[in-house]
Amino acid sequence: YAIATRRDIKDQFMVGDNLLVAPMFAGDTSRTVILPKGKWYDFYTGALVGDGVIITLKPALDRIPLFVRNGGIVPMLAEAHRQIPGAHDKPDLEVRHYGDAAGTFELYDDDGLTFDFERGAFSWTTLRVSRSPDGTLRGEVVPDAKDKPFSYGPIHWHMMK
């Protein structure tokens with residue numbers, strides 16, 4: 001079989017460095033996905049999908065095929081919201097880590113309502129997963145300066161492996 005090159009890939013794309021999206025289109029019941037080199041995991045289950053291979057899958061209609069690179073960190077609101085949280089709401093943050101490699105994610109935050117970010121009212125919070133001496137993965141939050149905003153409540157770590 002032929003090896004696919006970058007210019008052959010027209011219907012899948014990366015979001016950042018660690019998330020691969022392979023959308024389904026009207027009438028499709030299956031699709032082929034080209035996974036780049038490195039371990040890739042199913043976003044929904046955390047199951048290892050492959051490493052530098054071409055796969056064909058038949059996803060459920062309610063799930064866009066999403067894959068996360070080994071060590072990838074995906075932060076998201078723990079509960080679905082119809083609109084952005086209010087200025088004083090502090091929703092829980094779910095942080096998923098995929099695979100067995102260490103990883104880092106820089107989480108941007110501002111008040112979401114004003115242009116105060118233009119005057120420095122924003123933060124970059126580091127979400128980091130590292131391996132402890134006993135081999136377990138551990139999540140860590142490294143906040144920005146104390147005077148910077150952080151719009152989230154409790155952080156819930158999920159090691160998806």
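Start with an open sheet of three strands, laid out in the order S10-S11-S12 and paired antiparallel. Keep in mind as you look around that this is a predicted model. At the edges of the sheet stand S10, covering 103-110, and S12, covering 137-142; each has a single partner strand, so one side of each is left without a neighbour in the sheet. Going from one strand to the next, you'll find a twist that averages 20°.

Now zoom in on S11, which spans residues 122-131. It runs antiparallel to S12, and six bridges join the two. If you'd like a spot to look for, try Leu127: its bridge partner in S12 is Val141.

Strand S11 is also home to Trp124. How exposed is this residue? Its relative accessibility is 42%, so Trp124 counts as partly exposed, since that label covers the range between under 20% (buried) and over 50% (exposed). Trp124 has company, too: together with Tyr108, Phe115 and Phe117 it forms a nonpolar patch on the surface. Taken together, these four residues have about 420 Å² of accessible area.

Finally, hop over to another part of the chain. Where does Asp62 sit? Look in the loop between strand S6 (54-57) and strand S7 (66-69). With a relative accessibility of 67%, Asp62 counts as exposed, because the cut-off for that label is over 50%. From Asp62 you can also take a bearing on Ile84: the two are 22 residues apart in sequence, and their C-alpha atoms are 23 Å apart in space.

Methods:
Residues are numbered from 1 along each chain as its sequence is written. This is a predicted model: local features need pLDDT of at least 70, side-chain atom pairs count only at pLDDT 80 or more; totals for chains, interfaces and linings use all residues. Side-chain values use heavy atoms; hydrogens and water are left out. Two strands pair if DSSP finds at least two bridges between them. Helices (H or I, at least four residues) and strands (E, at least two) are DSSP runs, numbered from the N terminus. Axes are lines fitted to C-alpha atoms, for helices over the stretch in contact, and angles run from 0 to 180 degrees between N-to-C directions. Patches are made of residues with over 30% relative accessible area and no salt bridge: like charges are joined within 9 Å, nonpolar side chains (Val, Leu, Ile, Met, Phe, Trp, Tyr) within 5 Å. Accessible areas come from the Shrake-Rupley method with a 1.4 Å probe; for residues, only the protein chains shown count as cover. A salt bridge is a side-chain nitrogen of Lys or Arg within 4 Å of a carboxyl oxygen of Asp or Glu. Buried means under 20% relative accessible area, exposed over 50%, partly exposed in between (1.4 Å probe, protein chains only).
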